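Please walk me through this structure in the viewer, one selection at a time. Tell me what to select and what is there.

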Amino acid sequence: MYDVNSKHADDFINHEEILETLAYADENKENVELIDAIIEKAKKRKGLTHREASVLLACPIEEKNQEIYKLAEQIKKDFYGNRIVMFAPLYLSNYCINGCTYCPYHMKNKHIPRKQLSQEDIRREVIALQDMGHKRLALEAGEDPVRNTMDYYLQSIDTIYSIKHKNGAIRRVNINIAATTVDNYRLLKEAGIGTYILFQETYHKESYLELHPTGPKHDYNYHTEAMDRAMEGGIDDVGLGVLFGLDKYRYEFAGLLMHAEHLEAAFGVGPHTISVPRLKHADDINPEEFDNGIDDDTFLKIIACIRIAVPYTGMIISTREGRKCRERALHLGISQISGASRTSVGGYYEPEPEDESSEQFDVSDNRTLDEVVHWLMEMGYIPSFCTACYREGRTGDRFMSLCKSGQIQNCCHPNALMTLKEYLMDYASPETKALGDRLIEKEVLNVPNEKVRKVVLENLRLIEQDNRRDFRF
Ligand code: SAM
């Protein structure tokens with residue numbers, strides 16, 4: 001039975017509730033009165049239920065869809081301003097004992113070279129990432145309890161945080177690894193991770209069992225209840241996501257929001273981020289063999305509906321998407337993007353030879369970080385390398401209350417400007433630096449509090465003189 005507070009996956013992601021939600025959305029998808037009422041509710045910026053948001057997602061009326069997009073854009077601006085948080089993935093290992101039918105790391109794939117980074121490899125990769133200007137990483141790995149042990153992860157996190165090369169430092173390490181125990185989540189928290197990310201892949205249990213025929217990931221309930229264990233282990237920033245293309249997108253959308261509602265109900269804090277990966281071509285994987293692929297318009301509508309349904313949750317888009325699609329997605333709600341990503345194990349320090357590729361999927365955005373930063377600023381966005389919230393202990397509900405109080409303009413905005421300035425000084429090309437300096441000069445005037453604005457101006461001056469401190473609000 002559906003129960004948002006229950007600790008059991010079958011209750012909080014209840015199949016019957018999702019089917020009823022989809023039926024309700026179908027019945028009401030052209031009910032203009034109801035749709036208007038839902039849009040009005042969304043304008044209050046307190047979010048929507050999975051049922052309400054599912055009606056909007058199903059709605060085919062063009063005029064209403066334009067209203068949804070407009071509202072998504074406005075909510076995005078109100079909560080996140082024009083900041084876009086930058087990160088890069090770092091693949092530690094592609095050893096995996098699972099049988100996921102959509103992933104090239106699946107155990108039966110004998111032609112993908114298997115690799116695991118040593119601590120020395122990690123050092124080299126991290127220095128290469130720091131030299132591009134990255135400050136925030138998402139660690140990725142396959143599931144192999146013998147090779148990719150918790151000790152290995154903890155040691156790797158330690159290595160990453162310890163590397164200080166020139167002005168570089170990785171200040172936030174997020175981690176996307178297989179579902180694990182409360183004790184292990186506690187260890188990850190103690191090691192100083194930022195967000196624990198785990199994609200559900202699909203909320204449809206029957207499909208899930210078929211798509212994950214073998215290995216520990218086959219256990220749907222253990223996987224679906226992972227975020228509960230992570231929160232019990234003290235991790236209060238968790239990142240959800242589904243892999244669009246595996247099952248019907250409307251089912252996934254309802255499941256995703258039910259998962260967010262469950263975390264909010266059970267722990268008082270919803271997901272920190274939601275990722276929206278789409279299935280891609282990869283070694284041994286042809287996305288056309290999966291029937292549920294979605295086109296760009298549907299994908300963008302999902303992003304807009306997530307934005308208005310969970311306004312306080314950050315949204316992440318990876319380099320699975322190309323420039324054009326990312327551009328539209330940024331307007332509609334995305335607040336974090338990766339840049340210059342490699343999905344191979346290693347590859348930042350030295351590109352892999354083509355015939356030895358350990359890539360997880362084909363990347364559609366191959367630009368350098370400088371090019372991505374330049375492109376964002378041309379569109380008026382501020383690429384942010386800030387990690388202050390995490391280092392100030394503003395995670396979980398403390399971050400959410402900052403977000404809800406609207407103090408972000410006096411806090412995140414200045415931090416974004418100062419970290420962008422550091423990036424421009426240390427890593428940018430002359431063209432990107434010139435563009436960025438002009439943007440910062442204009443943007444600093446948007447810091448509402450006069451005192452804060454003065455401090456920011458002084459700090460920007462110090463950074464320009466290469467007189468560095470740990471500037472942050
Ligand atoms: N091993 C971890 C786990 O058990 O969830 C996940 C790490 S995996 C490196 C990160 C994510 O890549 C997966 O959760 C999956 O959603 C995504 N992925 C796998 N195959 C993909 C493909 N062919 N195209 C796009 N994304 C894919």
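A residue is called buried here when its relative accessible area is under 20%, exposed when it is over 50%, and partly exposed in between. By that rule Leu376, with a relative accessible area of 0%, is buried. The model on display is a predicted one, and the tour returns to Leu376 after a look at the whole chain.

**Whole protein**

Begin with everything selected and a cartoon drawn. The protein contains 20 helices and 11 strands. Its C-alpha trace spans about 60 × 55 × 40 Å along the principal axes. A compact globule of 473 residues would have a radius of gyration near 23 Å, and the 21 Å of this protein agrees with that.

Now colour by burial. Of the 473 residues, 63% are buried. Turn on a surface as well: the protein exposes about 18900 Å², and carbon and sulfur atoms supply 49% of this area. Among contacts with a separation of 6 or more, 75% are between residues 24 or more positions apart.

For the charges, select Lys and Arg as positive, and Asp and Glu as negative. There are 59 positive and 76 negative charges, and the mean positions of the two sets are 7 Å apart.

**Helix H15 and Leu376**

Select residues 369-378, which form helix H15. Seven of the 10 residues in H15 are buried, so the helix is largely enclosed by the rest of the structure. Those buried residues are Leu369, Asp370, Val372, Val373, Trp375, Leu376 and Met377.

Pick out Leu376, which belongs to this helix. What does Leu376 touch, if residues up to four places away in sequence are not counted? The list is Ile84, Met86, Leu330, Ile337, Tyr381 and Pro383. Show these side chains together with Leu376. For a longer view, draw a line from the C-alpha of Leu376 to that of His165: the two residues are 211 apart in sequence and 26 Å apart in space.

Step past the end of the helix to Gly380. This glycine follows H15 and has a positive phi, near 90 degrees.

**The loop between E6 and H9**

Next, select the stretch between strand E6 (193-197) and helix H9 (205-211), where Gln200 lies. Is Gln200 buried or exposed? With 3% relative accessibility, Gln200 counts as buried. Apart from neighbours within four places in sequence, Gln200 is in contact with Tyr208, Tyr220, His223, Thr224, Gly241 and Val242. Glu225 is 25 residues from Gln200 in sequence, and their C-alpha atoms are 9.9 Å apart.

Move to Glu201, in the loop between E6 and H9. Glu201 also counts as buried, at 8% relative accessibility. Check its backbone: phi of Glu201 is positive, about 70 degrees, although this residue is not a glycine.

**Arg45**

Another positive phi in a residue other than glycine is found at Arg45, where the value is near 65 degrees. To find Arg45, go to the loop between helix H3 (32-43) and helix H4 (50-58).

**Pro287**

Select Pro287, in the loop between strand E8 (273-275) and helix H13 (296-309). Pro287 is partly exposed, with a relative accessible area of 24%. Setting aside neighbours within four places in sequence, the contacts of Pro287 are Leu279, Lys280 and His281. Then add Ala266 to the selection: Pro287 and Ala266 are 21 residues apart in sequence, with 36 Å between their C-alpha atoms.

**Cysteines**

Finish by selecting the cysteines. How many disulfides does the structure hold? It holds zero. Cys100 is in no disulfide, and the nearest cysteine sulfur, in Cys103, is 5.8 Å away. Cys100 is buried, with a relative accessible area of 6%.

The last stop is Cys325. Why does Cys325 not bond to Cys305? The sulfur of Cys305 is the closest cysteine sulfur to that of Cys325, but the distance is 15 Å, too far for a bond. For a disulfide, the two sulfur atoms would have to be within 2.5 Å. Cys325 counts as buried, at 8% relative accessibility.

Technical notes. Residues numbered from 1 in each chain as written. Predicted model: local features only at pLDDT ≥ 70, side-chain atom pairs only at ≥ 80, totals over all residues. Heavy atoms only, no water. Buried < 20%, exposed > 50% of the residue type's maximum accessible area, 1.4 Å probe, protein only. Helix = DSSP H or I, 4+ residues; strand = E, 2+ residues; numbered from the N terminus. Rg over C-alpha atoms; globule rule 2.2 N^0.38 Å. Contact = heavy atoms within 4.5 Å. Areas by Shrake-Rupley, 256 points an atom, 1.4 Å probe, with all protein chains shown as cover. Charge placed at Lys NZ, Arg CZ, Asp CG, Glu CD.
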